[in-house]
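Me: I'd like to talk through how the two chains in this model fit together. Could we go step by step?

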Amino acid sequence: MSILDGKKVIVIGDRDGIPGPAIALCAESAGAEVIFSATECFV
Amino acid sequence: MDLENQKRVKDLTEEYGPENVVVLLGAAEGEASGIAAETVTAGDPTYAGPLTGVSLGLVVYHVCEDEVKEEFDPDVYDEQVSMMEMVLDIDEIAEEMQAIREEYTKY
């Protein structure tokens, strides 16, 4: 069963890892709707 | 996790229903992934934010885990994530994430 297709996705990206917008594009490519996207910074 | 983001996660989960929401993380290492994952499942482990004592039990994955990676368009993933994936310790991250899901995810 699909994890992402048709789901509402919350993206918490990381400036030192994968940033939010990059994850959001991936999620949309899997058929999910991105309802929030942020990029955190631990510094 | 950022306190403002915790509030957004809490509000959006109430709005859309926890069973419909999936959280995707992009943290750079296992420990940070685990803390963020714990925050959206069991509650804020640092006792600082709006999710303290709030067990949302959401489905949560790191963007580089195989389970979600195989659902992405491979071209999009290659362009957006694969460069960073090479410098991350994916095994360590996946191990943390799986442990949190097994213990706390409700959906």
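Me: Happy to start at the contact between the chains: how many residues does the contact take from chain A and from chain B?
Reply: Good place to begin, and do keep in mind that this is a predicted model. On the chain A side, strand 1, helix 1 and strand 2 each supply at least two residues. By class, that side has five polar, five charged and 19 nonpolar residues. As for the totals, the contact takes 29 residues from chain A and 32 residues from chain B.

Me: Which residue of strand 1 of chain B is the bridge partner of A:V9?
Reply: Here the two chains meet strand to strand: strand 1 of chain A pairs with strand 1 of chain B in the parallel sense, over five bridges. Within strand 1 of chain B, the partner of A:V9 is B:V22.

Me: In what order do the four strands of the open sheet run?
Reply: Let's build it from the pairs. In chain A, strand 1 (residues 8-14) and strand 2 (residues 33-40) are parallel over seven bridges, with A:V11 bridged to A:S37. In chain B, strand 1 (residues 21-25) pairs with strand 2 in the parallel sense over four bridges, and B:L25 stands opposite B:H62. Add the pairing of strand 1 of chain A with strand 1 of chain B, and the order is 2(A)-1(A)-1(B)-2(B).

Me: Which strands are the edge strands of this sheet?
Reply: An edge strand here pairs on one side only. Neighbouring strands of the sheet are turned by 20° against each other on average, direction ignored. The two edges are strand 2 of chain A and strand 2 (59-62) of chain B.

Me: Is the β-α-β crossover in chain A right-handed or left-handed?
Reply: The two strands it joins, strand 1 and strand 2 of chain A, pair in the parallel sense. Between them the chain passes through helix 1 (residues 20-29), and the crossover is right-handed.

Me: Which residues touch the most other members of the largest nonpolar core?
Reply: The core has 42 residues. Strand 1 and helix 1 of chain A each supply at least two of them, as do strand 1, helix 2 (30-39), strand 2 and helix 6 (90-104) of chain B. The residues touching the most other members are A:A27, B:V23 and B:L24.

Me: What does B:V23 touch, not counting residues up to four places away in sequence?
Reply: B:V23 is one of the residues with the most contacts to other core members. Its partners lie in both chains, and they are A:I10, A:I12, B:V40, B:L58 and B:V60.

Key
Residues numbered from 1 in each chain as written. Chains lettered and ligands numbered in written order. Predicted model: local features only at pLDDT ≥ 70, side-chain atom pairs only at ≥ 80, totals over all residues. Pairing = 2+ DSSP bridges. Right-handed = clockwise from strand over helix to strand, strands pointing away. Axes fitted to C-alpha atoms, helices over the stretch in contact; angles between N-to-C directions. Contact = placed C-beta atoms within 7 Å. Nonpolar A, V, L, I, M, F, W, Y, C, P; charged D, E, K, R; others polar. Core = buried A, V, L, I, M, F, W, Y, C linked by C-beta atoms within 7 Å. Buried ≥ 20, exposed ≤ 12 C-beta atoms within 10 Å, placed from the backbone.
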